[in-house]
Amino acid sequence: MITLYDCATAPSPRRARILLAEKGVPHATVQVDLKSSEQLGEDFRRINPQCTVPALVTEEGPVLTDNAAIAAYLEARFPEPALLGRTPLEKAEIAGWQARIEQEGLMAIAEGFRNGSPAMAGRALTGPADYAQIPALAERGVARARTFFAALDAHLAGRDFIATGRFSLADITAVVVVDFARAIRLRPVDEHAELRRWREAMQARGTMG
């Protein structure tokens, strides 16, 4: 059986968790306690030397250690519902929005959080190595995240989904990113009416947790 190494409080494994739920894939789950730095221990390093979650043990045996690989595997292994697009143009549109949401949203929020939170002191980047925080990057990350919220709100005007006119991986990633922004005290407010409408509709799917 597929096994997901997860952390219930972290944004990155949540993306894999929602994807598995949307596809209805049976799997086992192993929780990794990031607060106690379990991901840095020797036991988990044997599973994923990068010391990050999610890590997905495939039915074939190899371990996938990033969301892009996990999504590609699950889409190929369980093609319905198709969440990465059906036609070449749909695949391109979803891939483009995936990249934008990650670069402009996820990376900005992570920059703000990991460089600004006292809990992340010495852990400004994920992975096996320690890196010092840079306060100026925290300020920039928050500013970038605010810009992303405004851009996503404008994009969603008249749309039910991020891309292709139906639910896709881009919606999963965007849900996780928007919710992760709470870590830097950023939430959709009155000026983000379209973003709030879309987020409420996503919650109604029952897979977001």
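**Exercise 1. Work out how the span of helix α4 compares with the expected one, and where α4 kinks.**

Step 1: find the helix. Helices here are DSSP runs (H or I, at least four residues) and strands are E runs of at least two, numbered from the N terminus. α4 covers residues 88-116, which is 29 residues.

Step 2: get the expected span, defined as 1.5 Å times one less than the number of residues. For α4 that is 42 Å, and the first-to-last C-alpha distance of 40 Å comes close to it.

Step 3: look for a bend, meaning the angle between axes fitted to the seven residues ending at a residue and the seven starting there. α4 has a kink of about 35°, centred on E102.

Before going on: this is a predicted model, where local features need pLDDT of at least 70 and side-chain atom pairs count only at pLDDT 80 or more, while totals for chains, interfaces and linings use all residues. Residues are numbered from 1 along each chain as its sequence is written, and side-chain values use heavy atoms, leaving out hydrogens and water.

**Exercise 2. Decide how many disulfides there are, and say why C51 is in no bond with C7.**

Step 1: set the rule. A disulfide is a pair of cysteine sulfur atoms within 2.5 Å.

Step 2: count. The rule gives zero disulfides. Take C7: its nearest cysteine sulfur belongs to C51, 14 Å away.

Step 3: give the reason. C51 can't pair up because its closest cysteine sulfur, in C7, is 14 Å off, too far for a bond.

Step 4: check burial (buried is under 20% relative accessible area, exposed over 50%, partly exposed in between, with a 1.4 Å probe and protein chains only). C7 is buried at 5%, and C51 is buried too, at 3%.

**Exercise 3. Find which residues touch the most other members of the largest nonpolar core, and which element gives the most to it.**

Step 1: define the core as buried Ala, Val, Leu, Ile, Met, Phe, Trp, Tyr and Cys residues joined through side-chain atoms within 4.5 Å.

Step 2: pick the hubs. Among the 46 residues, L56, L74, I101, L152, I162 and W198 touch the most other members.

Step 3: name the contributor. α6 leads with nine residues.

Step 4: zoom in on W198. Setting aside neighbours within four places in sequence, the contacts of W198 (heavy atoms within 4.5 Å) include I162, A174, V175 and V178.

**Exercise 4. Is A8 buried or exposed, and what does A8 touch?**

Step 1: A8 sits in the loop between β1 and α1.

Step 2: its relative accessible area is 52%, so A8 is exposed.

Step 3: not counting residues up to four places away in sequence, A8 touches R17 and Q31.
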